Amino acid sequence: MVVTAYIGIGANLGDARANVQDAIARLARLPGASLVDASSSYRTAPIASSGDDYINAVARITTTLPAEELLLALHAIEAAHGRERPYRNAPRTLDLDLLLYGDERIASASLTVPHPRITERAFVLVPLLELAPAVVVPGLGLAQDYLASVADQAISQL
């Protein structure tokens with residue numbers, strides 16, 4: 001079965017812009033997946049964290065990988081960029097989040113889909129809606145209905 005998935009991409013350490021672009025290129029080469037498209041890149045200030053501004057984007061892929069396997073593949077791409085997890089919301093060389101996996105709702109020890117903060121972050125909603133203006137967040141409704149609630153979060157397209 002082929003599923004459409006959306007991947008949130010962010011970085012604020014090292015050459016963040018290059019790391020985001022490399023992550024998109026790696027998603028395009030991911031076995032069992034095909035890159036459909038990627039949003040523009042956006043700059044945002046850290047939320048509940050410190051450090052430099054983040055560079056963010058969202059990629060849309062189609063995949064035959066089960067969600068848990070896709071998550072492991074995303075973690076491998078992060079590890080290739082030297083991702084460390086010293087504490088929650090630590091600055092990072094690369095962060096890949098499985099935002100949506102088809103219309104599935106998943107709640108396991110290692111994965112929650114839709115991503116639990118998908119409707120709370122402009123750096124997710126804006127690039128997601130660039131790719132899919134009518135996307136539905138399973139259990140929550142149209143993603144565009146949440147834009148007003150994140151209007152106070154500064155985000156600029158690069």
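1. Asp37 is partly exposed, its relative accessible area being 26%, and in this predicted model the residue takes part in a salt bridge with Arg60, where the closest N and O atoms are 2.7 Å apart. This pair links distant parts of the chain, since Asp37 belongs to strand β2 (residues 33-38) and Arg60 to strand β4 (residues 54-63), with their positions 23 residues apart in the numbering.

2. The other partner of that bridge falls into another accessibility class: Arg60 is buried, with a relative accessible area of 16%, and the assignment follows because buried is taken to mean under 20%. A reader inspecting the pair will therefore find a partly exposed carboxylate residue, Asp37, joined to a buried arginine, Arg60.

3. Val36 also lies in strand β2, and its contacts are worth reading alongside the bridge just described. Leaving aside residues up to four places away in sequence, Val36 touches Arg60, Ile61 and Thr62. For one of these, Thr62, the C-alpha to C-alpha distance from Val36 is 6.8 Å, although the two residues are 26 apart in sequence. Val36 itself counts as partly exposed, at 44% relative accessibility, because that value sits between the limits of 20% and 50%.

4. A salt bridge of another kind of placement is found within helix α1 (residues 16-28), where Arg26 and Asp22 both lie, 4 residues apart, or about one turn of the helix. Their side chains meet with an N to O distance of 2.6 Å. As to accessibility, Arg26 counts as partly exposed at 28%, and Asp22 is likewise partly exposed, with a relative accessible area of 25%.

5. Which residue forms a salt bridge with Arg92? The partner is Asp95, and the closest N and O atoms of the two are 3.1 Å apart. Arg92 is buried, its relative accessible area being 10%, and Asp95 also counts as buried, at 12% relative accessibility; both assignments hold because each value is under 20%.

6. Taken together, the count by the distance rule comes to 3 salt bridges. In reviewing them, one may set the Arg26 and Asp22 pair, placed within helix α1, beside the Asp37 and Arg60 pair, which runs from strand β2 to strand β4, and then turn to the pair formed by Arg92 and Asp95.

Methods:
Residues are numbered from 1 along each chain as its sequence is written. This is a predicted model: local features need pLDDT of at least 70, side-chain atom pairs count only at pLDDT 80 or more; totals for chains, interfaces and linings use all residues. Side-chain values use heavy atoms; hydrogens and water are left out. A salt bridge is a side-chain nitrogen of Lys or Arg within 4 Å of a carboxyl oxygen of Asp or Glu. Helices (H or I, at least four residues) and strands (E, at least two) are DSSP runs, numbered from the N terminus. Buried means under 20% relative accessible area, exposed over 50%, partly exposed in between (1.4 Å probe, protein chains only). Contact means heavy atoms within 4.5 Å.
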